[in-house]
Amino acid sequence: MELRSKIPSGPIEKRWEKHRFDMNLVNPANKRKYTIIVVGTGLAGGAAAATLGELGYKVLCFTYHDSARRAHSIAAQGGINAAKNYQGDGDSIYRLFYDTVKGGDFRSRESNVYRLAEVSNEIIDQCVASGVPFARDYGGLLDNRSFGGAQVSRTFYARGQTGQQLLLGAYQSLMRQVHAGSVKLFTEYEMLDVILVEGVARGIVTRNLRTGEIQPWLGDAVALGTGGYSNVFYLSTNAMKCNATAAWRGYKRGAGFANPCFTQIHPTCIPVAGDYQSKLTLMSESLRNDGRIWVPDNPGETRPAGQIPEDERDYYLERMYPAFGNLVPRDLASRRAKEMCDEGKGVGETKLGVYLDFRDAIERLGKDTIEARYGNLFEMYERITGENPYQVPMRIFPAPHYTMGGLWVDYNLMTTVPGLYAIGEANFSDHGANRLGASALMQGLADGYFVLPYTIGDYIGGERPTPVPEDHPDVRRTVEEVQARTDRLLSLNGKRTVDDIHRELGRIMWNECGMSRNAPGLQKAIERIPELREEFWENAAVVGTGDTINQVLERAGRVADFLELGELMCRDALAREESCGGHFREEHQTPDGEAKRDDEHFQHVTVWEYTGDGAAPKEHREPLEFEYVPPTQRSYV
Amino acid sequence: MSTSTMKLKLHVWRQESPEARGGFVTYEADANEHMSFLEMLDVLNESLESRGEEPIVFDHDCREGICGTCGMVINGRPHGPWERTTVCQLHMREYKNGDQVWIEPWRAKGFPVVKDLFVDRSAFDRILQAGGYISANSGGAPDANAIPVQRDKAEASMDAAACIGCGACVAACPNASAMLFTGAKIAHLNRLPQGQPERYDRALDMILQMEAEAFGSCTNHGACAEACPKGIQLDVIAMLNREYFTAVVKAG
């Protein structure tokens, strides 16, 4: 496997422009002769499919949802960053770039991050033009809020529903292309494999979730906008259907998987209530703008929050990080919360929680202001917990939320398989070891609206692919393999439910490869996961048939892939003998418990190559260079 | 804090396929007050699976009330008894030991049942395809602050844009009308300056598509707005009608 990042040369602020100029072009009249397959209709996939359709390509777009509007991008609450500097508070493209590289703990690619910051402004323009109702001030201009890890106000938002409004914007653009006939949309189709013909990605195999039909789709390039893999932890803030299958199939067909252990644990989620829990709910981290995080001083405190006097409360983030206070980056906020609970200072029935208190903000700003800012979040909290956060502090605890790792891509967002692209959360490129708040929406739309539509044209214009016949042996073989795997899953007639096995995998991952990791724990997980995988293939209960909606079969296929990916994550975490961002190795910390990077040995992307089932994956490295933001110990004090 | 547990009798609509005849099947379900309604069904489904029986099919995804995937009629009410709440956010503290709960799919000609509680809502997508967008190709948009938008207009647009496309409005309506859904998108876009160039074409095209689907007409019951988990108000239907009449007049 060769890792050619294809980073353009020259000054960083000119690279994307120069690269676009150097690209091959496809004549407008020729674009309709080429078919692009886009999998996923979230911010990245939906925006890419719509834009490629606008450009004139023939687009085939697939989602396992019943509508393209359901993708999990919709659940992002807080906002989207852009370097507009509308507030005049010193923001710039360079500062957004700088903050993102630093926030990612110097494990991302500078050129990609710079491009992301550069196109961030175009994203806001595009969204406003397509009717996204962002929040506005009384003069009618766009409003901003601040977010964790930044000292400027650069986050655009639509109440607490920014992801929803951005996704609906992309979905509406997509619907327009479907109406125009340039995009053919296939809902309730799940991608189960990539078709490679002579080593080049030329299509996918899908299962029609209603009829069970397994069939190939052929084209000239394939883009995966299929999201992240936090559901490997079973409990996460991801939607129930989010899964790694598309990316994992890509990996098993030769696409390198980069930094799989870089996962983000979000600090502000509603704590787990019981064993039956199906998912965790995130409360936007914008709450940290006005809420104060604290725990009681005394371990074993039993009084309700309101009766604990001021001098017996520890506002630990404000104490430890006076400059950033409650707005430190997510990895720090999460780890500190875990430590407080480990010390026995946790709150709530399970003692796995910390307080997020709005008492002072309500006193200072009034209940109406707080309601205007966070009303929908407060309502959601009350529905789930039965507690009123205007009266008692919220209880929060960290939960898996986002995966910075993903398929390795070059500057063009192409994986190591020619013709196979990965966009949005499915790739690894922009967030390094930790993603800053309000950057996921930015990256999804950057990739979908403004990067992939150019780079895919460069590939098509350069390669000029010719059609592949449907009966090509590589096509037939891939379809047969998917059929065989589906049949095998359906034949599983064991005693243990798929969810129960998934829950056990989740517990292993959370305990050994979660907020903090150590070598013995990771080694234990690397031994245990293959055993669990074996149990799955012998003892899982997959009821029902393959010719109708079968949600157990759908989940079984996804869990089978998580059982492989989980092991790779642990291997990656074990190989990375340093702490950085969301990856915290207990063996590598400063005396005051901060992550200790090892730039000499680990300033690289780790890329794993699949070498066969049961065989150890092969490790490759892409060295990272920092020409503009010299690596320093991150400090938020 | 002690957790109270309960036993419920569930009467759940089971239907093998769109053509098959469906019927209620009764199950005993265990729950506790902290569970969500869907988690109560998960637990029931897992016990069915481990007995080798097919679990109840219901669609769901984010479980945060925003994706619009889930939806079922509980004791006659779409999304159940809580106001402005999707069924995934309904929690079991609403129920007590011994309660009987009737669970049905959305019932509307425009939303044919696919299996059990899972219905086909593709008609909504087709309504939006007809005109529920602003034609702005990627790239070349003017600076986002070039067109100020009056704050109250932006807010009113956002009120309508909050629609999650779940279909509860149709399920609640005695005529199975989709006017709240269609009106919400028309109001979202037509209340913004960016939406003006296509304003009347949009209204006309979307309404024609709505009528081509198997939805009924609005007779002002208001059940849709009451069932809406996102609080979409009836004013969007008034706006739909206004936009439609103006569009017809303008079209001559």
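# Salt bridges, strands and a chain contact

Colleague: Starting with R303(A), how does it count by relative accessibility?

Modeller: R303(A) counts as partly exposed, at 31% relative accessibility, where buried means under 20% relative accessible area, exposed means over 50%, and partly exposed lies in between (1.4 Å probe, protein chains only). This is a predicted model, in which local features need pLDDT of at least 70 and side-chain atom pairs count only at pLDDT 80 or more, while totals for chains, interfaces and linings use all residues. Residues are numbered from 1 along each chain as its sequence is written, chains are lettered from A and ligands numbered from 1 in the order in which they are written, and side-chain values use heavy atoms, with hydrogens and water left out.

Colleague: OK, and which residue does R303(A) form a salt bridge with?

Modeller: The partner is E301(A), with the closest N and O atoms 2.8 Å apart; a salt bridge here is a side-chain nitrogen of Lys or Arg within 4 Å of a carboxyl oxygen of Asp or Glu. E301(A) is buried, its relative accessible area being 11%.

Colleague: How many salt bridges does the rule give over all chains?

Modeller: The count comes to 77 over all chains, and nine of the salt bridges found lie across the interface of chain B and chain A.

Colleague: What does E535(A) pair with, and which parts does that tie together?

Modeller: E535(A) forms a salt bridge with R496(A), at 3.0 Å between the closest N and O atoms. Since E535(A) lies in helix 15 (residues 519–539) of chain A and R496(A) in strand 18 (residues 496–497) of chain A, the pair ties together parts that are 39 residues apart in sequence; helices (H or I, at least four residues) and strands (E, at least two) are DSSP runs, numbered from the N terminus. E535(A) is partly exposed at 22% relative accessible area, whereas R496(A) counts as buried at 15%. Salt bridges that share partners also join these two residues into one network whose members include D500(A), R503(A), R528(A) and E46(B).

Colleague: Switching to the interface, how many residues does each chain give to the contact?

Modeller: Chain B gives 76 residues and chain A gives 79, contact meaning heavy atoms within 4.5 Å. The area buried between the two chains is about 6,700 Å², with 49% of it from carbon and sulfur atoms; buried area is the accessible area (1.4 Å probe) that two parts lose on being put together, summed over both.

Colleague: Which residues of chain B lose the most area there?

Modeller: They are D61(B), E64(B) and M158(B), which together account for 10% of what that side buries.

Colleague: How many residue pairs are in polar contact across it, and which element of chain B gives the largest share of its side?

Modeller: There are 50 such pairs, both residues at pLDDT 80 or more; a polar contact is a pair of N or O atoms within 3.5 Å, and within protein one must be able to donate a hydrogen and the other to accept it, while residues adjacent in sequence count only if both atoms are side-chain atoms. The largest share of the side of chain B that touches chain A comes from helix 3 of chain B, with seven residues.

Colleague: What about a salt bridge with E155(B)?

Modeller: The side chains of E155(B) and R159(A) meet in one, at 2.9 Å from N to O. E155(B) lies in helix 3 of chain B and R159(A) in the loop between strand 4 (155–156) and helix 6 (162–180) of chain A, so the pair joins two chains. E155(B) is partly exposed at 27%, and R159(A) is partly exposed at 27%.

Colleague: New topic: why is strand 7 of chain A largely enclosed?

Modeller: Eight of the nine residues of strand 7 (residues 200–208) of chain A are buried, so this strand is largely enclosed by the rest of the structure. Strand 7 of chain A runs antiparallel to strand 6 (residues 189–197) of chain A, joined by eight bridges, and antiparallel to strand 8 (residues 214–218) of chain A, joined by five; two strands pair if DSSP finds at least two bridges between them.

Colleague: Where do positive phi values turn up in those hairpins?

Modeller: E198(A) has a positive phi near 50° in the hairpin of strands 6 and 7 of chain A, with two residues between the strands, and G212(A) has one near 80° in the hairpin of strands 7 and 8 of chain A, with five residues between them.
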